[in-house]
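Dear colleague,

I am handing over a structure that I would like you to look through at your own pace. Please keep it open beside this message while you read.

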Amino acid sequence: MAEYRTASLAAMGIDLTIALGKFTAAAITGSSAMIAEGVHSIAHAGYGSLPGHEPGGGSPARNGQQAEEGKARNSWTSIVAVMAFTVGGAIAVYEGMRHLLRPTPPEHVGWNYAILFGAFVIESISLLAKARRLRVTGSSPDSFPPARQRGVAKAAVVLQSAVTLLGLSIATAGVYLAAMVNPVFDGIAAVAIGALLITVAGALARNLRRRLAGEDATSATLEDVRRIVRAENGVENPTRMLTMRFGADTLLLALNLRFERGLTPAEIQSCIRRIEGEIRRKHRHVKHILIDSEAMTPGPKDER
């Protein structure tokens, strides 16, 4: 989606400008917490500019090649994001430990407060704008289908800014305590920010593992599919369901169904069409539905 990509590039520019301000303040004041926050802003900017992370972003896969490209793009996006936050976290921890070993009193702390306050205002406005946009678009049946169905993409967009605000809060506390109590608090804040970045990297890595394993549908989504199947007369519960994501809004669903005795092939075909239509209507990101060919032949019920 071109509009979202434009907004992402604009946000990246803002993040890089904030990062430059933080590094400038760090050079003037000698604050390791500001260095850690500068690294945080760079990681945040890089992640926001990557394709495939945005909710509902990307184009639906229309053939096998596009599906594989979408899956590869999302996987590489996650890999790069994990590396960026991991390296950023390691740098922040290193700077914090270096300051803890040789704590120095901060100088000209007003620079730190000015940069952190400006960043806090910008990120707060960004968070409110994202939350408002998701609240409005979430009610539309054609917008952000994965965010509405899975509840993950929407949380990721909001948490992206929330984590940034948390990092800013940690840096502000560290800078204040370093100036008022003890310089070691500046190093402690940098280590804490590094731990935050590494935690984010761990969460992204877990999400990547689920994608590679094909675990892209939540239990709520699968249960809704079961309800749709059970609503059809002559169809038992799906004996097996598999899902795999091929893009930001493209999900493949494979079903293994068993039909009761007495149904004709025409009735089975009609039943399958109704099931597919209802699934696509309720879950618009399910672009591909596969039915096991064994389910096309009427047979006895499976023993429970």
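Below is what was found in it, beginning with how far the model can be trusted.

This is a predicted model, in which local features need pLDDT of at least 70 and side-chain atom pairs count only at pLDDT 80 or more, while totals for chains, interfaces and linings use all residues. Residues are numbered from 1 along each chain as its sequence is written, and side-chain values use heavy atoms, with hydrogens and water left out.

The protein averages a pLDDT (the predictor's confidence in each residue, from 0 to 100) of 76, and 69% of the residues score at least 70. Among the helices and strands (DSSP runs numbered from the N terminus, with helices being H or I of at least four residues and strands E of at least two), confidence is lowest in helix H5, residues 145-150, at a mean of 41, and highest in helix H7, residues 184-213, at 87. Please be careful with residues 55-65, where pLDDT stays under 50, and with residues 295-304, where pLDDT also stays under 50.

The largest nonpolar core (a set of buried Ala, Val, Leu, Ile, Met, Phe, Trp, Tyr and Cys residues joined through side-chain atoms within 4.5 Å; buried means under 20% relative accessible area, exposed over 50% and partly exposed in between, with a 1.4 Å probe and protein chains only) has 19 residues, and those with the most contacts inside it include Val225, Leu257 and Ile275. Helix H8 (219-230), strand S2 (250-256), helix H9 (265-282) and strand S3 (286-291) each supply at least two residues of this core, and H9 gives the most, with 5 residues. Apart from this core lies another, of 15 residues, among them Ala26, Ala92, Leu127 and Ala171.

Leaving aside residues up to four places away in sequence, Ile275 touches (a contact means heavy atoms within 4.5 Å) Ile228, Val229, Glu232 and Leu257. Aspartate 224 lies in helix H8 and counts as buried because its relative accessibility is 12%; with the sequence neighbours up to four places away again not counted, aspartate 224 touches Lys282 and His283.

Where is histidine 108 found? Histidine 108 sits in the loop between helix H3 (64-101) and helix H4 (110-137), and it counts as exposed because its relative accessibility is 52%. Most residues other than glycine have a negative phi, whereas histidine 108, although not a glycine, has a positive phi of about 50 degrees.

With best wishes
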